[in-house]
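Here's a quick look at one protein model, taken from the overall layout down to a helix pair and a bit of surface. Have the structure open as you read.

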Amino acid sequence: MNQRTPVRLPLALWAGVTALLLVAPTLVVIPLSFTERRSFSFPIEGWSLQWYERFFTDPRWYGALGTSIAVAIGAALVATVAGTLAAIALDRARLRYGWLIRALLLLPVVVPQIVAAVAIFGTYLGWGISGTPLGLLLAHIVLAIPFVVIPVSTALQSFDPTLERAAAVLGAGGWGRFWQVQLPLISPGVITGFVFAFVTSLDEVVIAYFLQTPTLRTLPVQMYSSVTVETDPTIAVASSLMLVFSTIVILLPRFFAARRRRLLKAKETP
């Protein structure tokens with residue numbers, strides 16, 4: 001332990017400095033949201049909650065926030081189910097061209113979003129769902145599925161199939177084996193996929209910009225529209241809320257996982 005400490009300390013310091021350099025510019029928006037001036041300057045001169053009041057009283061802002069959260073939850077739920085089933089199917093089927101199917105599922109990550117936005121917009125015009133909540137939801141589901149397939153596929157690689165066969169010997173059916181054996185063991189990957197799908201949908205702006213209407217606008221689109229028209233410190237409020245909310249969503253699963261490990265460790269300790 002003493003031999004590894006001199007190595008761990010510089011690595012920990014380097015990781016801390018790197019994390020600070022990455023996070024510090026983002027954290028600047030939080031104090032900017034409390035400025036009393038209508039322009040951005042740091043450090044701020046004077047503190048005020050007027051921009052928070054404006055955010056939660058202006059229907060353009062809080063309406064966009066509600067739309068973003070509703071679409072992100074719906075897209076994450078559907079993408080988690082679809083992505084999990086797709087990963088399990090690819091793992092079990094052992095198809096000859098399974099790599100091609102997997103590549104197609106991961107294609108939304110590779111294709112530039114502007115290209116995908118133009119293609120989706122043109123397709124939706126023919127389908128008649130451009131500018132509708134359903135169209136926006138479907139687009140975000142397609143965009144989020146790869147972020148579920150990747151962690152679930154990784155979790156399946158460490159899954160021991162003999163456990164499933166043992167459950168079958170004991171009389172468990174296919175559905176029972178999935179719910180009682182496989183799903184609990186790959187649940188960390190499923191939860192990770194849900195979190196990434198939710199955050200991806202919440203932060204997406206390019207496709208949502210193409211599909212927006214005066215009554216259907218997500219918060220990132222509202223932020224982009226606001227910053228291109230005028231200098232409005234309300235955008236700092238929106239950025240702060242998005243930052244805090246996304247951080248909580250990402251850290252909560254880690255908190256519960258750590259708590260679960262402590263409880264299991266406490267049970268194992270005599």
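Read from the N terminus, the elements go α-α-α-α-α-α-α-α-α-α-α-α-α-α. That comes to 14 helices and zero strands. Keep in mind that this is a predicted model. As for dimensions, the C-alpha trace spans about 70 × 65 × 30 Å along its principal axes.

Now pick out two helices, α4 and α11. Their axes come within 8 Å and cross at roughly 135°. That angle makes α4 oblique to α11, because only angles over 145 degrees count as roughly antiparallel. The crossing of α4 past α11 is right-handed. And what sort of residues make up the contact of α4 with α11? Sorted by type, there are 16 nonpolar residues, six polar ones and one charged.

On the surface, there's a nonpolar patch of about 750 Å² to look at. Its members are Y97, W99, L100, L104, L107, V109 and V110. Which helices each supply at least two residues of this patch? They are α5 and α6. L104, for one, lies in α5.

Here are the residue ranges of the helices mentioned, for finding your way around:

| Helix | Residues |
|---|---|
| α4 | residues 59-93 |
| α5 | residues 98-105 |
| α6 | residues 107-110 |
| α11 | residues 174-203 |

To sum up, the protein has helices and zero strands, with α4 crossing α11 at roughly 135° and a nonpolar surface patch of about 750 Å² that includes W99 and L104.

Terms used:
Residues are numbered from 1 along each chain as its sequence is written. This is a predicted model: local features need pLDDT of at least 70, side-chain atom pairs count only at pLDDT 80 or more; totals for chains, interfaces and linings use all residues. Side-chain values use heavy atoms; hydrogens and water are left out. Axes are lines fitted to C-alpha atoms, for helices over the stretch in contact, and angles run from 0 to 180 degrees between N-to-C directions. Helices (H or I, at least four residues) and strands (E, at least two) are DSSP runs, numbered from the N terminus. Angles under 35 degrees count as roughly parallel, over 145 as roughly antiparallel, 65 to 115 as roughly perpendicular and the rest as oblique. A crossing is left-handed if the near helix is turned anticlockwise from the far one by less than a right angle, and right-handed if clockwise. Ala, Val, Leu, Ile, Met, Phe, Trp, Tyr, Cys and Pro count as nonpolar, Asp, Glu, Lys and Arg as charged, and the others, Gly among them, as polar. Patches are made of residues with over 30% relative accessible area and no salt bridge: like charges are joined within 9 Å, nonpolar side chains (Val, Leu, Ile, Met, Phe, Trp, Tyr) within 5 Å. Accessible areas come from the Shrake-Rupley method with a 1.4 Å probe; for residues, only the protein chains shown count as cover. A salt bridge is a side-chain nitrogen of Lys or Arg within 4 Å of a carboxyl oxygen of Asp or Glu.
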